[in-house]
Amino acid sequence: MFVKLTWGRLCQQRWLLAGLVLLWLLLPLGVGQAAQVLLTQGVAFSGVTLAVTAPEGDGTPRLLEQYMGEMEDVAQYCRFAAMEEGAALEALERGEVTAVLSLPEHFIQGVMWGENPDLRLIVRGDRPLESLLLLWVGQSACDILSAFQSGVYAVLELYGQTPPPGLSRDQAMVEINLKYIRLALSRGDLFQMETVSATQALPIPLHYGLALLSAFALAAAPLFVPIYSGNWLAFQRRLRCVGRGAAAGYWGGVLAGGLALLLLLVPALGALGCLSPEGLGAALGMAVWCSLFGGTCCLATWSAASCGVAAFTLALAALALAGGIVPPALLPGGMQALRGLSPVSWLMELAAGQNSLSTWGRLGVSGGGMAALSLLLYRKRMDEGETL
């Protein structure tokens, strides 16, 4: 009887429920597809073009254009072009190149002898992103160069201690430099490429769809304010005369709220492709847990506005912690370690069929705690006779 009466009170908001069905059905699906496009296609980037100049008669720019073009990882975002300095500066002004790298005289010889001659990098002030990228590339190149030079010096030091017969110092220095050049050109063979999904376990559309849907279910707490406040509690107090305690009224509200959420969740889960026999059980579990959460928010606050603020704040924090805003793979290490504490993560695992004993344990313990706290608050409000 309590469930039927409470359900009737919730149904007085039928237009609100109808609007929520439409919102929950379309928005998670649309956000999931948009995230799929954004995270798989990325943003448009055509790469940068770096003009390389050197004093007249120096063939180093041509060598850099040839060898750097053979490095596939570098060629994906940076193209080197050998030019005269005047032509390079004019191309920079016209926007045909991103920056100009000016090499000093005898650059290669200076590197081989460990002198590390200074370079000039000329960039445009209105293209800060490309300038930062070139700075990063330059710093990475300096790191590689420093590591290679350390190896060269170590080899030459060993040569000085026990020179091999028939091998001059100049020949040893040239050969070890050539060896490190070959290592630099083929350094891609030293790494194993591994593709990591931004959302890790779940496909991108499903991850974001379930995350947003779970956050919606948590933020729906204000929907239940009419069954935890006002003249409804006064009606519950009058039922004490016929032997009905606070527990019957409270659990009637939880079940009625769970039924309302179930009617909202089932179509949305179906649109996301999670509606199976197991999915129906997951939807029921999500509905009951979120109904307990909504009841706790309603009873712990004193107005519909404060309930809405509390529920929305907690839902947004849980959404961010679960990787529903920034993808899980890009979250800071500390936040990734705390993902298991987010209710949105629990609800997502439940809906996706990845629920484990730990997931059920967290849902059960937290749901039991909310039920005990809410029942105490419910009884207290009935005893005090307070209404909103």
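Is Ala34 buried, partly exposed or exposed? Ala34 counts as partly exposed, at a relative accessible area of 48%, where buried means under 20%, exposed means over 50% and partly exposed lies in between, with a 1.4 Å probe and protein chains only as cover. Ala34 sits in helix α2, residues 14–41, and its C-alpha atom is separated by 9.3 Å from that of Tyr208, a residue 174 positions away along the chain.

Before going on, I should say what kind of model this is. It is a predicted model, in which local features need a pLDDT of at least 70 and side-chain atom pairs count only at pLDDT 80 or more, while totals for chains, interfaces and linings use all residues. Residues are numbered from 1 along each chain as its sequence is written, and side-chain values use heavy atoms, with hydrogens and water left out.

Let me turn to the chain as a whole. There are 16 helices and four strands, both being DSSP runs numbered from the N terminus, with helices taken as H or I of at least four residues and strands as E of at least two. Of the 388 residues in the chain, 40% are buried. Among the contacts with a separation of 6 or more, 76% are between residues 24 or more positions apart, a contact meaning heavy atoms within 4.5 Å. The accessible surface comes to about 20900 Å², and carbon and sulfur atoms contribute 64% of that area; the areas were computed by the Shrake-Rupley method with a 1.4 Å probe.

The next topic is helix α13. This helix runs over residues 304–321, and its 18 residues should span 26 Å at 1.5 Å a residue, which agrees with the 26 Å between its end C-alpha atoms; the expected span is 1.5 Å times one less than the number of residues. The buried residues in α13 include Cys307, Gly308, Ala311, Ala315 and Ala318, together with Leu319 and Leu321. Their cover includes α9 (204–219), α12 (277–300), α14 (333–337) and α15 (343–351). After α13 comes Gly323, with a positive phi near 80°.

One of those covering helices, α15, is itself mostly covered, since seven of its nine residues are buried, namely Val344, Ser345, Trp346, Leu347, Met348, Leu350 and Ala351. Following α15 is Gly353, whose phi is also positive, near 80°.

What about the cysteines? Searching the whole structure gives zero disulfides, a disulfide being a pair of cysteine sulfur atoms within 2.5 Å. For Cys297, the closest cysteine sulfur is that of Cys307, at 5.4 Å, which is too far for a bond, and Cys297 is buried at 7% relative accessibility. Cys307 is in no disulfide either, the nearest cysteine sulfur being that of Cys298, 3.8 Å away; Cys307 is buried, with a relative accessible area of 0%.

On the surface, Phe312, Leu316, Ile325, Val326 and Leu330 make a nonpolar patch of about 480 Å². Patches are made of residues with over 30% relative accessible area and no salt bridge, like charges being joined within 9 Å and nonpolar side chains (Val, Leu, Ile, Met, Phe, Trp, Tyr) within 5 Å. Within this patch, Ile325 is placed in the loop between α13 and α14, and Ile325 is partly exposed at 45% relative accessible area.

I will end with the charged side chains. How many salt bridges does a search of the whole structure find? The search finds three, a salt bridge being a side-chain nitrogen of Lys or Arg within 4 Å of a carboxyl oxygen of Asp or Glu. In one, Glu85 pairs with Arg120, with the closest N and O atoms 3.0 Å apart. This pair links distant parts of the chain, Glu85 being in helix α5 (residues 85–94) and Arg120 in strand β4 (residues 120–123), 35 residues apart. Both partners are partly exposed, Glu85 at 35% and Arg120 at 43%.

Another salt bridge joins Arg94 and Glu90 at 4.0 Å, N to O; both residues lie in helix α5, four residues apart, about one turn of the helix. An α-helix has 3.6 residues a turn, so residues three or four places apart point the same way. Arg94 also pairs with Glu96, the closest N and O atoms being 2.9 Å apart, and Glu90, Arg94 and Glu96 are thus linked in a network of salt bridges. Arg94 is exposed at 51% relative accessibility, whereas Glu96, at 48%, counts as partly exposed.
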